Amino acid sequence: MAGHSKWANIQHRKGRQDAKRSKMFSKLSKEITVAAKMGAPDPEFNPRLRLAIMAAKAQSMPKDNIDRAIKKSTNADEAAFEEIRYEGFGPAGVGLIVEALTDNRNRAASEVRTIFSKNGGNLGETGSVSFMFDLVGYIEYAAEVATEDEMLEAAIEAGADDVQSSEDSHEIYCAFDQLNEVSTALEKTFGEARSAKPIWKPQNTIDVEGDKAATLLKLMNALDDCDDVQNVYANFEISDEEMERLAD
């Protein structure tokens, strides 16, 4: 998964996230609207909405945008979005899980299939990849909010299963159905998290390098650029040296 994280970090470093801020806000707004429509429009009584708002705040999305997205959920004319999960394989046999939120199932399927085929991959059947991943809760804090021992102790007390600390961040993993409880407990101690969301965590990773690594990153970027795609998860590992070379 480290390669996946480094891919996201290099995107950010190269200013790619800033250039795509409007697209990112659109995806965050869509999730907030769907979450509010599926449950109460009050995050106090709607864990999914609370997590969606946390994700938006973590990306510095303005409060006005968040409020507008919540209000959209009560608009009868607002398009009905459908959640779809696609599973497929990329270069070097890397498994990918693609989560989409779309108002047009046929368009989404066609675009995702085309992206895979144009970038060295192919779509698989439902279940062909997800068995290699675990659906878990993921919470991230900046490294400076606590020492490794402090975060580990607080996370275990909050009900988390694992903590991975580095010089950049603390990554906390918990059971999927405990995400709201664990994130709420940690927030009381450390404030709002940098990120709190369900993710597909790979059980094992595949080392990728050279041309296959370059093609894989093109596939990841193309999926990320697709309006209907909300999240992409993959089980690859790329060395620091290779990631830096590809980022040049």
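**Exercise 1. Find which residues have the most contacts inside the largest nonpolar core, and which elements supply that core.**

Solution. The largest nonpolar core holds 25 residues, and those with the most contacts inside it are Tyr86, Leu96, Phe116, Leu223 and Phe236. A nonpolar core is here a set of buried Ala, Val, Leu, Ile, Met, Phe, Trp, Tyr and Cys residues joined through side-chain atoms within 4.5 Å; buried means under 20% relative accessible area, exposed over 50%, and partly exposed in between (1.4 Å probe, protein chains only). The next step is to assign elements: at least two residues of this core come from each of strand E1 (82-89), strand E2 (95-102), helix H6 (105-118), helix H9 (210-225) and strand E9 (229-234). Helices (H or I, at least four residues) and strands (E, at least two) are DSSP runs, numbered from the N terminus. H9 gives the most to this core, with six residues. A second, separate core has 19 residues, among them Ile139, Ala154, Leu179 and Phe190. In soluble globular proteins, nonpolar side chains tend to be buried together.

The model is predicted, so that local features need pLDDT of at least 70 and side-chain atom pairs count only at pLDDT 80 or more, while totals for chains, interfaces and linings use all residues. Residues are numbered from 1 along each chain as its sequence is written, and side-chain values use heavy atoms, with hydrogens and water left out.

**Exercise 2. Determine which parts of the chain are tied together by the salt bridges of aspartate 227 and of lysine 57.**

Solution. The structure holds twelve salt bridges, each being a side-chain nitrogen of Lys or Arg within 4 Å of a carboxyl oxygen of Asp or Glu. In one of them, the side chains of aspartate 227 and lysine 23 meet at 2.6 Å, N to O. Because aspartate 227 lies in the loop between H9 and E9 and lysine 23 in helix H3 (residues 21-38), the pair ties together parts that are 204 residues apart in sequence. Aspartate 227 is partly exposed at 49% relative accessibility, and lysine 23 is partly exposed at 27%.

Turning to lysine 57, its salt bridge is with glutamate 192, and the closest N and O atoms are 3.6 Å apart. Lysine 57 belongs to helix H4 (residues 47-58) and glutamate 192 to the loop between helix H8 (179-190) and strand E7 (195-202), so this pair ties together parts that are 135 residues apart in sequence. Lysine 57 is partly exposed, at 43% relative accessibility, and glutamate 192 is partly exposed, at 43%.

**Exercise 3. Identify where serine 60 and alanine 92, with their positive phi values, are found.**

Solution. Most residues other than glycine have a negative phi, and most peptide bonds are trans. Serine 60 is not a glycine, yet has a positive phi of about 60°; serine 60 is found in the loop between H4 and helix H5 (63-72) and is exposed, with a relative accessible area of 54%. Alanine 92, although not a glycine, has a positive phi of about 65°; alanine 92 is found in the loop between E1 and E2 and counts as partly exposed at 33% relative accessibility.

**Exercise 4. Locate lysine 118 and state its separation from arginine 194.**

Solution. Lysine 118 is placed in helix H6 and is exposed, with a relative accessible area of 69%. The C-alpha atoms of lysine 118 and arginine 194 are separated by 34 Å, the two residues being 76 residues apart along the chain.
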